[in-house]
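Me: Please take a close look at a single part of this model, and then go on to the other parts that help to place it. I would like one connected account, with the reasoning spelled out where there is any.

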Amino acid sequence: MYLILPILIATFCAGIGYANPVLHFPVAALGFPLALELIAFSNCSPHEALKRGWITGTFACLACLYWLAYPIGVFGNISWFLAVPCPILMAMAVGAYYGFYTFILNIAYRKLPPLFLCIFSAVLWSTMELAQGHFFTGFPWMTFSSAFSYWPESIQGAAFVGAYGLSGLLISVTTGILIWNKSHFAKVWSVGILVLLIILGILRTDPETFSTLHSTGNATIGIVQGNINQGLKWDAKYQIATLKKYIKLSKSLSAKADLIIWPETAMPFQIQDPSELRTTLVNFTKESNTRLLTGAPGYILHPKTRSFSLYNRAFLIDPHKTTFDWYDKSHLVPFGEYIPLKKYLPIDKLVQGVGDFIPGNDASPLLSRNLAMGILICYEGIFPELAQERVEKGANLLINISNDAWYGKTSAPYQHLGLVSLRAVEQGRYLIRCTNTGISACIDPLGNITDSTSLFVNAAVLTTPKLIKGKTFFNANYELITYGQLVLTFLFIIWIAITPINSTNKKRKRIIQ
């Protein structure tokens, strides 16, 4: 029972707490860290806490990441016999972070006063999520605060401490709840943080009081969701039909839109090469006098070696220019867009039709009239540092183009949207999201999701974001907040390492069985 109960709580609460298409109740997500802290504060050894936390975290992650089997089994040319274990292995890898969390917190519980235990649990969790976003190419999909993204009032703290920092504050509340009866300071801390987040949410989401960011104008953006069958997308027979479908959907928007956006790799051909397809595409922009941002594969030719560098690219096509501007995706998906250790792994990547992509290195905004567009392709939108870099370089609008057809009708499209929404709040920018099969939407700087589309439908949506100038507290103090919590974590760990277990903490050792 010592292990079964936390597993059941964590799995169920993570399953319905994080976004999903069946039943999403964000506050239930709090049961996930509560289950881990039940283990950390129990009468078990640190090593036993590590093992139990890892197993519990693995089951919770599996409840959220089960969808990984779908793209691998359907599009990866891999049998379901091999595809099904993939999300289990990923859940075990991510679950290891939660094992280390319970391991360290178990030791801290024996040595830290209650108030400092609450503070430490916050910075430790934030540091853990920061590590998830950086180690092994990064996969911060389980960012805890993203579970609350569909309740904008609850995520306003991200504008001040970022998504990871907000996760930590929420976790410290659960810590205070578990040791509620043992310390008045823990009560004050947990209640204080909760009240602060609630007041912040109320004040910032009130249009009359939200005035920290200033608009420099408006834009009218057309979002086109082509709903192209992923299994046929790279078939040469369907290239003309795909292009015609996007043009047809766009014609209803072109008269009003300053810019029309098509999704990631919407055009499954080389736009740079002269062809009938390219001519048709360029003629559409000229005839409709429409600026177009579209995803497509791109390349750079190296004449000396007679080789190519291939990129996952966003092209900006301006009917008044003879050349294209573009952005190359900088954070690629391993096994989706390239194969790590390709010489040693006898498998192919998921994205068919082109060779392995290489990352770009320029995060400068694409410019069109008064638009300075910071581009985030696909899951680049789940990384706080990438959105930060684009705004630092002058972006007044964030644009996320993606192809979520890989995920089918699973939890992934909903979770992906929730994660991307945090970037809008952190950076104080409108974020336009255009996907192949949904969910496409406009997200304002408060995290409100508007003009959203359904999954697997054709859609042409007109949205009117404001172009924002200015910085959030998080953007202005990004390095201090990001690395400050990291420094605090290590200072706490040093304190814990040199502090003996005193008699008071020995008595606390058996509070939670």
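Reply: Contact here means heavy atoms within 4.5 Å. The model is a predicted one, and the part chosen for the close look is helix H10, residues 239-251.

The length of H10 can be checked first. With 13 residues at 1.5 Å a residue, the helix should span 18 Å, and since its end C-alpha atoms are 19 Å apart, the expectation and the model agree. Buried, in what follows, stands for under 20% relative accessible area, and exposed for over 50%. In H10 the buried residues are Gln 239, Thr 242, Leu 243, Tyr 246, Ile 247, Leu 249 and Ser 250. Because these residues cover an arc of only 165 degrees around the axis, they are on the same side of H10. The face turned away from that buried side carries exposed residues, namely Lys 244, Lys 248 and Lys 251. As for what covers the buried residues of H10, the cover includes strand E2 (221-225), strand E3 (259-261), helix H11 (276-288) and strand E13 (459-463).

Aromatic pairs come next, since one of them involves H10. A search of the whole structure finds 25 such pairs. In one of them, Tyr 98 and Trp 125 have ring centres 5.5 Å apart and planes at 45 degrees, so the pair is tilted. This pair links distant parts of the chain, with Tyr 98 in helix H6 (residues 85-111) and Trp 125 in helix H7 (residues 114-132), 27 residues apart. Tyr 98 has 0% relative accessibility and therefore counts as buried, and Trp 125, also at 0%, counts as buried too. The pair that involves H10 is Tyr 246 with Trp 262, which is likewise tilted, at 5.1 Å centre to centre with 35 degrees between the planes. Here too distant parts of the chain are linked, for Tyr 246 lies in H10 and Trp 262 in the loop between E3 and H11, 16 residues apart. Tyr 246 counts as buried because its relative accessibility is 1%, and Trp 262 counts as buried because its value is 0%.

Tyr 98 and Trp 125 also belong to a cluster linked by ring pairs, together with Phe 32, Tyr 101, Phe 144 and Phe 148. Ser 145 lies in the loop between H7 and helix H8 (158-178), and with a relative accessible area of 0% this serine is buried. Leaving aside neighbours within four places in sequence, Ser 145 is in contact with Ile 155, Ala 163, Leu 166, Ser 167 and Leu 422.

The last part to place is an open sheet of six strands, in the order E7-E8-E9-E10-E11-E12 and with mixed pairing. Strands E7 (366-368) and E12 (449-450) stand at the edges with a single partner strand each, so one side of each is left without a neighbour in the sheet. Within the sheet, E9 (residues 397-402) and E10 (residues 431-435) pair in the parallel sense over five bridges, and Asn 400 stands opposite Arg 433 in E10. Helix H12 (residues 384-392) lies across E8 (371-377) and E9, running at about 160 degrees to E8. Helix H13 (residues 412-427) packs on the sheet as well, touching E9, E10, E11 (441-443) and E12, and its direction makes about 155 degrees with that of E10.

How values were computed
Residues are numbered from 1 along each chain as its sequence is written. This is a predicted model: local features need pLDDT of at least 70, side-chain atom pairs count only at pLDDT 80 or more; totals for chains, interfaces and linings use all residues. Side-chain values use heavy atoms; hydrogens and water are left out. Two strands pair if DSSP finds at least two bridges between them. Helices (H or I, at least four residues) and strands (E, at least two) are DSSP runs, numbered from the N terminus. Axes are lines fitted to C-alpha atoms, for helices over the stretch in contact, and angles run from 0 to 180 degrees between N-to-C directions. The expected span of a helix is 1.5 Å times one less than its number of residues. Buried means under 20% relative accessible area, exposed over 50%, partly exposed in between (1.4 Å probe, protein chains only). The arc is that of the directions from the helix axis to the C-beta atoms. Rings of Phe, Tyr and Trp (its six-membered ring) pair if their centres lie within 6.5 Å; planes under 30 degrees apart count as stacked, over 60 as edge-to-face and the rest as tilted.
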